[in-house]
Amino acid sequence: MISLHPKTNEAFHLLMQGTLALARAERQGIKVDMTYANKKKEELSVKVEALEAAFKSTAFYRHWQHSTGGKALNIYSNAQLATYLYRVKKLEPVGATDSGQGSTDEEALTQLNIPELNDLLQIRKLKKIRDTYLDGFVKEQVNGFIHPSFSLHLVKTYRSSSNNPNFQNIPKRDKEAMNICRGALFPREGHQLLEIDFSGAEVRIAAAYHKDPTMIKYITDPTSDMHADVAKQIFIVDGFNKKIPDHYVLRQAAKNGFVFPQFYGDYYKNCAENMACRWGKLPKGKWKSGMGISMPNGTLSDHLIAQQIKSFDSFTEHVKTIEADFWENRFYAYAKWKKRQWSNYQKTGYIDLLTGFRCSGIMGKNDTSNYPVQGAAFHCLLWTLIKTDAFILKEKLDSKIIGQIHDSLIIDCNPKELQYIIKTVKGFIQNDLPKYWSWINVPMDADAEACPIDASWAELGKFKIN
DNA sequence: GGAACTCGCCAC
DNA sequence: AAACGTGGCGAGTTCC
């Protein structure tokens with residue numbers, strides 16, 4: 001028997017209207033400074049060639065070359081690199097790829113502590129910027145504008161995807177890569193780029209599913225701070241103050257190394273390793289005084305040793321207890337919902353989203369709680385994009401929606417319309433959206449950031465708007 | 001010579 | 001017992 005989802009019609013209309021609004025954004029496109037892009041490509045090529053020449057003059061390279069027995073050596077072949085490192089030199093691989101080959105990613109090569117490999121990593125970074133991003137813009141550009149495509153029919157969770165070029169993965173965190181890549185993208189003459197982001201989209205939409213009272217409190221009480229609370233617990237800090245830089249780093253480590261991974265279904269061993277080694281800069285094994293990132297009094301190892309956590313293994317055991325507390329006490333209702341999702345899926349073979357979509361097919365346990373959150377959170381953005389598009393058309397504004405990145409809207413904005421647009425879109429998000437979807441059970445909010453007039457997308461951070 | 005694969009790496 | 005969700009894309013590689 002076919003069971004029809006009660007909200008199918010609503011989901012259908014969201015897809016239809018979303019497709020039309022996104023098509024208008026695609027047609028608008030984003031201006032590329034071609035002179036800049038080509039100049040930067042050239043500069044990167046010069047750097048890559050210099051680094052490549054330096055690499056090829058090392059004993060490491062000569063030995064590698066010699067080891068191939070006459071076969072042409074390509075220093076960018078990870079297969080050849082893995083063979084050399086793990087078969088010829090018999091080094092111990094830090095990890096393995098899906099197919100079982102010793103891994104040659106940044107993590108693995110850094111751990112090997114071979115200076116020449118750091119040069120190789122540097123070359124990889126520059127080539128990525130040049131070949132994936134700058135060259136992607138140049139290839140896809142028509143009359144100085146790129147027109148990234150947005151699709152609503154490709155992703156299992158009913159999120160969107162983007163290609164030709166992909167507008168949703170342009171570097172942001174790495175400052176150098178961000179400046180070079182986003183520095184090529186501009187608004188129309190006299191305009192400024194405006195980005196409106198949902199605040200904590202997935203965390204808030206998850207609350208509509210699990211209705212966890214602790215989580216709802218964290219979202220609604222502005223004096224509470226979930227990541228700080230978890231950081232205090234993991235790193236055992238009294239008098240935690242996120243204004244102290246050392247404490248702020250611990251909060252970031254807890255947020256990105258524990259809280260979010262746990263929401264996606266990660267487990268304590270990965271979390272402990274990431275927090276200790278990647279964030280805390282502590283080694284595996286036994287810890288001594290003076291190791292790791294700085295703390296208000298001494299270093300992280302000093303601090304943890306004083307708390308009787310004297311080794312990586314002991315920290316891991318500690319994080320295990322925090323994981324148990326996280327799901328058994330702090331977010332008990334959330335954990336219960338996750339279990340229900342899995343058992344419902346096992347009975348029915350599908351998962352329904354609050355926005356009227358249904359995910360079927362083979363899923364793992366984590367998928368059954370991740371898909372509905374990821375999809376519905378994106379649908380909040382899509383709904384807002386449709387409303388904003390209609391508003392711009394109706395008011396005959398000069399500003400144009402040019403793209404979307406899962407939970408954010410990017411607008412090529414006429415400065416005269418900036419405040420009006422921000423106010424209106426925030427109104428859609430804060431007032432109209434929760435009315436349209438009455439299952440939303442926490443306030444929805446957004447942040448707006450703009451670039452100066454005529455400035456590239458790289459200038460976004462410098463211009464916050466309350 | 002192209003399809004399909006692996007690997008690494010960028011975003012949310 | 002098992003052990004992080006969703007994509008796109010370039011380069012290298014293998015297969016037909």
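A residue is near a DNA strand here if its C-beta atom, placed from the backbone, lies within 6 Å of that strand. Keep that in mind as we walk through this predicted model, starting with the DNA.

Around DNA strand C there are 31 residues, and the closest are Ser 77, Ser 161, Asn 163, Tyr 264 and Tyr 267. Several elements chip in with two or more residues to this surface: α4 (78-88), α6, β4 (161-163), α11 (245-264), α12 (268-279) and α16. Helix α16 gives the largest share, 4 residues. As for the chemistry of the surface near DNA strand C, it divides into 8 nonpolar, 19 polar and 4 charged residues.

Now for DNA strand B. Here 23 residues surround the strand, with Ser 99, Thr 104, Asp 105, Asn 169 and His 406 the closest. Helix α6 (residues 115-140) gives the most to this surface, namely 3 residues. The mix of residues near DNA strand B comes to 4 nonpolar, 9 polar and 10 charged.

Let's step back and take in the protein as a whole. Chain A is built from 17 helices and 12 strands. Its C-alpha atoms fill a box of roughly 65 × 55 × 55 Å along the principal axes. Does that go with a compact globule or against one? For 466 residues, such a globule would have a radius of gyration near 23 Å, and chain A has 25 Å, so the two agree. Of those 466 residues, 35% are buried. If you look at contacts in chain A with a separation of 6 or more, 60% of them join residues 24 or more positions apart.

What sits inside? In soluble globular proteins, nonpolar side chains tend to be buried together. The largest nonpolar core in this model has 94 residues, and those with the most contacts inside it are Leu 194, Ile 234, Ala 254, Cys 380 and Ile 411. Helix α16 (residues 365-394) supplies the largest share of this core, 11 residues. There's also a second, separate core of 5 residues, among them Ala 108, Leu 109, Leu 117 and Ile 123. Back in the largest core, try finding Cys 380. Setting aside neighbours within four places in sequence, Cys 380 is in contact with Phe 198, Ala 201, Ile 205, Leu 433 and Met 444.

Strand β6 (residues 192-198) is a good next stop. With 5 of its 7 residues buried, β6 is largely enclosed by the rest of the structure. Which strands does β6 pair with? One is strand β10 (residues 408-413), in the antiparallel sense over 6 bridges, where Gln 192 stands opposite Cys 413. Another is strand β11 (residues 446-450), also antiparallel, over 5 bridges, and there Leu 194 stands opposite Ala 450. You've met Leu 194 already, as one of the residues with the most contacts inside the largest core.

Finally, follow the chain on to the loop between β10 and α17 (418-436), where you'll find Asn 414. Is Asn 414 buried or exposed? Asn 414 has 20 C-beta neighbours inside 10 Å, so this residue counts as buried. Leaving out neighbours within four places in sequence, Asn 414 is in contact with His 191, Asp 398 and Ser 399. For a sense of distance, Asn 414 and Ala 206 are 208 residues apart in sequence and 35 Å apart in space, C-alpha to C-alpha.

Conventions
Residues numbered from 1 in each chain as written. Chains lettered and ligands numbered in written order. Predicted model: local features only at pLDDT ≥ 70, side-chain atom pairs only at ≥ 80, totals over all residues. Nonpolar A, V, L, I, M, F, W, Y, C, P; charged D, E, K, R; others polar. Core = buried A, V, L, I, M, F, W, Y, C linked by C-beta atoms within 7 Å. Buried ≥ 20, exposed ≤ 12 C-beta atoms within 10 Å, placed from the backbone. Contact = placed C-beta atoms within 7 Å. Pairing = 2+ DSSP bridges. Rg over C-alpha atoms; globule rule 2.2 N^0.38 Å.
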